[in-house]
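Here are some short exercises to work through with the model open beside you. Try each task before reading its solution.

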Amino acid sequence: MAKETKLYDVEKPAERVILIAVDEDGSQGDDCLNELEELAETAGAVTVGRLIQRREKRHPGLYIGKGKAEELKMMITALDADGVIADDELSPAQMRNLEDLLDTKVMDRTMVILDIFAARAMSNEGKIQVELAQLKYRLTRLSGQGTSLSRLGGGIGTRGPGEKKLETDRRYIKDRIAELDRELKNIETHRELLRRGRDKRGIINVSLVGYTNAGKSTLLNRLTDAGVLAEDKLFATLDTTARALKLPSGTTVMLTDTVGFIRKLPHHLIQAFRATLEEMKYADILLHVVDASNPERASQMETVYATLKDLGCGETPVITAFNKMDRDVELPLTRDFVARDTVKISAANGDGLDSLLESLERLIKSFKRPIKVLIPYTEGRLMAMVYASCEIMKEEHTENGVLAELFADEEMENRLEKYTVLKEIK
């Protein structure tokens with residue numbers, strides 16, 4: 001009788017990494033590596049050491065100085081580390097020189113973020129965007145790598161399209177990038193058609209924006225039962241989700257979740273995720289979600305506003321929601337001079353959401369003017385648009401149609417012009 005073979009799952013030990021950074025202005029201190037450590041942990045590595053060097057500018061060949069590089073080599077041996085992660089994007093020469101000197105795997109911040117994105121992308125669009133970002137990052141690093149082209153790419157673990165043993169030939173990568181660009185263009189076209197449909201129906205678009213792990217997905221789930229994955233991790237969700245939200249007045253808005261921002265967000269990602277990020281450009285309102293319990297909340301808010309400005313969203317009205325107020329929060333809260341209004345909430349338990357919806361309604365109402373209209377019963381489609389996008393203060397059914405006093409934006413006011421009884425209610 002043959003002996004039964006048993007298979008056991010052997011858990012792969014987490015990679016042990018040392019974090020390194022160059023402090024060029026002398027103001028960052030040890031805290032500058034806290035976020036990188038969190039990124040490494042999200043990617044599946046464990047941090048066993050840190051090394052920060054204060055210098056006027058990064059070393060062109062090694063990122064850190066030669067003396068510090070020798071010190072780092074001794075740390076790798078002493079701490080039994082498997083690799084090194086730099087807090088900035090390394091040039092191909094810096095990465096190659098460090099690997100040759102340290103005889104270990106060297107990664108940079110961009111590599112780790114791409115690694116996380118590859119693991120988290122679920123939708124076809126998300127996977128395309130991540131692969132595009134990885135290939136553009138790889139393309140800039142082809143020249144001069146010689147025999148190292150055959151290696152897998154050196155992220156944490158081996159995941160995602162950028163980690164496969166691709167034919168890392170420049171022409172192949174350029175052809176693949178062109179192909180992915182075409183696929184994303186089709187997605188952008190589809191997204192534009194959906195956006196035009198919302199515009200025709202006069203629906204207000206509210207985009208959730210904020211630093212990664214601020215609680216945007218949790219808030220979307222709480223308000224709309226969207227069922228989006230929400231974890232206490234960086235970049236828990238990458239895929240854009242849009243859900244209808246009915247406000248207490250009856251007005252329906254479209255609430256859209258977007259990818260979280262982060263300090264030193266790689267430009268490859270901004271380029272690849274332009275279809276997703278453009279949702280913010282067309283938003284009527286930006287709902288800025290801030291993790292109030294994070295000691296770095298002020299700098300995180302600055303990062304969000306700087307990124308929004310770069311994306312061309314600097315003039316869009318903002319409401320700031322200070323989230324996670326159920327936790328230990330240092331008071332007073334950071335002053336927000338950009339937002340039209342600020343509210344305190346807890347998306348986890350629902351505290352303050354009534355105030356948030358009231359703030360949204362006040363801002364939407366400020367976009368509109370009060371008018372009085374008589375809409376014939378034959379205009380059922382127009383009446384449906386009124387119910388969806390206008391705040392109706394008074395409604396009366398007469399023999400000639402629906403007589404209504406309402407607040408309408410400029411577009412709806414133009415649509416209702418022929419049915420206006422009184423241009424503006426006093």
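Two strands count as paired if DSSP finds at least two bridges between them. Keep in mind that the model is a predicted one.

**Exercise 1. The open sheet**

Task: Work out the strand order of the open sheet of four strands, and find which strands stand at its edges.

Solution:
- Step 1. Reading across the open sheet of four strands gives the order 2-1-3-4, and the pairing is parallel.
- Step 2. At the edges stand strand 2 (45–54) and strand 4 (105–108); each has a single partner strand, so one side of each has no neighbour in the sheet.
- Step 3. From one strand to the next, the twist averages 25°.
- Step 4. Now look at one pair: strand 1 (residues 15–23) and strand 3 (residues 83–86) run parallel and are joined over four bridges. To find one of the contacts by eye, go to Ile20, whose bridge partner in strand 3 is Ala86.

**Exercise 2. Helices on the sheet**

Task: Find what angle helix 3 makes with strand 4, and what angle helix 4 makes with strand 4.

Solution:
- Step 1. Helix 3 (residues 92–102) packs on the sheet and touches strand 3 and strand 4. Its direction makes about 150° with that of strand 4.
- Step 2. Helix 4 (residues 109–120) lies across strand 3 and strand 4, at about 80° to strand 4.

**Exercise 3. Helix 7**

Task: Decide how many of the nine residues of helix 7 are buried, and list what covers them.

Solution:
- Step 1. Use the cut-off: buried means under 20% relative accessible area.
- Step 2. Seven of the nine residues of helix 7 (residues 216–224) are buried, so the helix is largely enclosed by the rest of the structure.
- Step 3. The buried residues are Lys216, Ser217, Leu219, Leu220, Asn221, Leu223 and Thr224.
- Step 4. Their cover includes strand 5 (204–210), strand 6 (241–246), strand 7 (252–257), strand 8 (285–291) and helix 11 (353–366).

**Exercise 4. Backbone exceptions**

Task: Is Asp103 buried or exposed, and is Asn213 buried or exposed?

Solution:
- Step 1. Most residues other than glycine have a negative phi, and most peptide bonds are trans.
- Step 2. Asp103, in the loop between helix 3 and strand 4, has a positive phi near 55°. With 69% relative accessibility, Asp103 counts as exposed.
- Step 3. Asn213, in the loop between strand 5 and helix 7, has a positive phi of about 70°. With 17% relative accessibility, Asn213 counts as buried.
- Step 4. For the peptide bond, go to Leu331 and Pro332, which are joined in cis with omega about 0°. Pro332 sits in the loop between strand 9 (318–323) and strand 10 (341–344).

Terms used:
Residues numbered from 1 in each chain as written. Predicted model: local features only at pLDDT ≥ 70, side-chain atom pairs only at ≥ 80, totals over all residues. Heavy atoms only, no water. Helix = DSSP H or I, 4+ residues; strand = E, 2+ residues; numbered from the N terminus. Axes fitted to C-alpha atoms, helices over the stretch in contact; angles between N-to-C directions. Contact = heavy atoms within 4.5 Å. Buried < 20%, exposed > 50% of the residue type's maximum accessible area, 1.4 Å probe, protein only.
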